[in-house]
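Got your viewer open? Load the model and follow along, one selection at a time.

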Amino acid sequence: MCISLLMLAMASAARPSHDELKKEVAAAERAFAATMQARDHAAFTAFLADEAIFLSGPTVLRGREMIANAWRKYYVGDRAPFSWAPEQVEVVESGTLAYSGGRVYDAGGKVIGRFNSIWRLEAPGRWKIVFDRGEAPPCNCTP
């Protein structure tokens, strides 16, 4: 019984705090975004879970390969066509799933949309995207 309690205490002590997990996810999102600026498509692909789903536009992209192929066009050329950065990060209490969201900017720095991503912890400190949705900013239309 004492050994079980000791092992449980050690496992709890080894797990990062909730705030540390939020920092990990924010850092993962910033590193993911940096792949666009670095024009590094292979690094972009490495952040995708095998079963990732991207929801943007009329076509749902399913799986790392399909997403990587669809996004390859954004990595062509010397200048990144857009950028993004996390503004909000939340992690579920189990520490295994997380949300990150923020604005998307065009090459000139103008806000052109918003992203929302769901991350899954696949190994200690190793987060992968399982869902991503990009949206255009709300219309400032007047009737």
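Accessible areas here come from the Shrake-Rupley method with a 1.4 Å probe. On that basis, the protein chain exposes about 8,900 Å², with carbon and sulfur atoms supplying 59% of it. Keep in mind throughout that this is a predicted model.

**Stop 1: the whole chain.** Switch to cartoon and colour by secondary structure. You should find 4 helices and 7 strands in the protein chain. Trace them from the N terminus and the order reads α-α-α-β-β-α-β-β-β-β-β. Now colour by burial: of the 143 residues in the protein chain, 32% are buried. If you like contact maps, take the contacts between residues at least 6 apart in sequence; 46% of these join residues at least 24 apart.

**Stop 2: the aromatic cluster.** Select F32, F44, F47, F54, W71, Y74, Y75, F82, W84 and W119 and show them as sticks, and you have one aromatic cluster in view. Rings of Phe, Tyr and Trp count as a pair here if their centres lie within 6.5 Å, and by this rule there are 14 aromatic pairs.

**Stop 3: F54 and W71.** Zoom in on these two. How are F54 and W71 arranged as an aromatic pair? They sit edge-to-face, 5.7 Å centre to centre, with 90° between the planes. F54 belongs to strand β1 (residues 48-56) and W71 to helix α4 (residues 64-71), so the pair ties together parts that are 17 residues apart in sequence. Are the two residues buried or exposed? Both F54 and W71 are buried.

**Stop 4: F82 and W84.** Stay with the sticks and pick out another pair. The ring centres of F82 and W84 are 6.0 Å apart and the planes make an angle of 35°, so this pair counts as tilted. F82 is buried, and W84 is buried as well.

**Stop 5: H41.** Finish by selecting H41, which you'll find in helix α3 (residues 41-46). Why does H41 count as buried? The cut-off for buried is under 20% relative accessible area, and H41 counts as buried because its relative accessibility is 12%. Next, show what surrounds H41: leaving out residues up to four places away in sequence, H41 touches A68, W71, R72 and Y75. Two of those names, W71 and Y75, should ring a bell from the aromatic cluster. For R72, draw a distance between the side chains: the side chain of H41 makes a polar contact with that of R72 at 3.5 Å.

Key. Residues numbered from 1 in each chain as written. Predicted model: local features only at pLDDT ≥ 70, side-chain atom pairs only at ≥ 80, totals over all residues. Heavy atoms only, no water. Helix = DSSP H or I, 4+ residues; strand = E, 2+ residues; numbered from the N terminus. Buried < 20%, exposed > 50% of the residue type's maximum accessible area, 1.4 Å probe, protein only. Contact = heavy atoms within 4.5 Å. Phe/Tyr/Trp six-rings, centres within 6.5 Å; stacked < 30°, edge-to-face > 60°. Polar contact = N/O pair within 3.5 Å; in protein donor to acceptor, adjacent residues only side chain to side chain.
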